[in-house]
Amino acid sequence: MSSIFSMASMTDIIFLLLIFFMVTSTYVFPTALELNLPQSSQQTALKPSTRVFVYPEGRIVVQNGEETPQEVTLEVLPDFLNDAMLKAPQGEPFNIAVFADEEVTYGTLVKILDVGAKTGIKMVLATKAAPSDPAPAETAAESL
């Protein structure tokens, strides 16, 4: 009597698991909204309840939880954030992450953060991790 083990069913299970993890990993970050985030050496593990995306041309897109992102104006933003805060589950911290492109002007970013300050909502600026060994910046004197 020969003891042969067939690997056919094992490979089917491996492929099914691979497909499952590939599909579920796409839900980790919003992929439809591409921004070139500024770099920072410090990162926080904050899970935002709402995301505000600011584009260089001045467009503001807001996504509350897993809802579909929608474009808003700066004038409507406080009302939208207040509604999102009311929809948030009680007892959980309500945080807003601002994903601003690195080309967004400082003034535009301050206006959006000011909306959060006026409504009493904690807002944090999302960044990407800085390289661990950045090259020294060239100064104006060295370039002459």
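Rings of Phe, Tyr and Trp (its six-membered ring) pair if their centres lie within 6.5 Å; planes under 30 degrees apart count as stacked, over 60 as edge-to-face and the rest as tilted. Keep that rule handy for the first exercise.

A word on the ground rules: this is a predicted model, where local features need pLDDT of at least 70 and side-chain atom pairs count only at pLDDT 80 or more, while totals for chains, interfaces and linings use all residues. Residues are numbered from 1 along each chain as its sequence is written, and side-chain values use heavy atoms, with hydrogens and water left out.

**Exercise 1. Find the aromatic pairs and classify each one.**

Step 1: searching the whole structure turns up two aromatic pairs.

Step 2: take F20 and F21, whose centres are 5.3 Å apart with 70° between the planes, which makes the pair edge-to-face. F20 is partly exposed at 46% relative accessibility, and F21 is exposed at 54%. (Buried means under 20% relative accessible area, exposed over 50%, partly exposed in between, with a 1.4 Å probe and protein chains only.)

Step 3: now F53 and F99. Their ring centres sit 5.1 Å apart and their planes are at 25°, so this pair is stacked. F53 belongs to strand β2 (residues 50-54) and F99 to strand β5 (residues 95-100), so the pair ties together parts 46 residues apart in sequence. Both F53 and F99 are buried. (Strands are DSSP runs of E, at least two residues; helices are runs of H or I, at least four; numbering starts from the N terminus.)

**Exercise 2. Work out which residues the salt bridges join into one network.**

Step 1: apply the cut-off, a side-chain nitrogen of Lys or Arg within 4 Å of a carboxyl oxygen of Asp or Glu. The count comes to three salt bridges.

Step 2: start from R59. R59 pairs with E57, with the closest N and O atoms 3.0 Å apart. R59 is partly exposed at 32%, and E57 is exposed at 56%.

Step 3: R59 also meets E71 in a salt bridge, 3.4 Å from N to O. This pair links distant parts of the chain, with R59 in the loop between β2 and β3 (60-64) and E71 in strand β4, twelve residues apart.

Step 4: check K118 and D114, which form a salt bridge at 3.4 Å, N to O. K118 and D114 both lie in helix α3 (residues 106-119), four residues apart, or about one turn of the helix.

Step 5: put the shared partners together, and E57, R59 and E71 make one network.

**Exercise 3. Decide where the model deserves your caution.**

Step 1: look at pLDDT, the predictor's confidence in each residue, from 0 to 100. The protein averages 74, and 70% of the residues score at least 70.

Step 2: find the extremes. Confidence is lowest in helix α4 (residues 140-143), with a mean of 40, and highest in strand β4 (residues 70-72), at 88.

Step 3: scan residues 133-144, where pLDDT stays under 50 and the model has two contacts beyond four places in sequence. (Contact means heavy atoms within 4.5 Å.)

Step 4: draw the conclusion. Where pLDDT is low, the predicted coordinates should not be read in detail.
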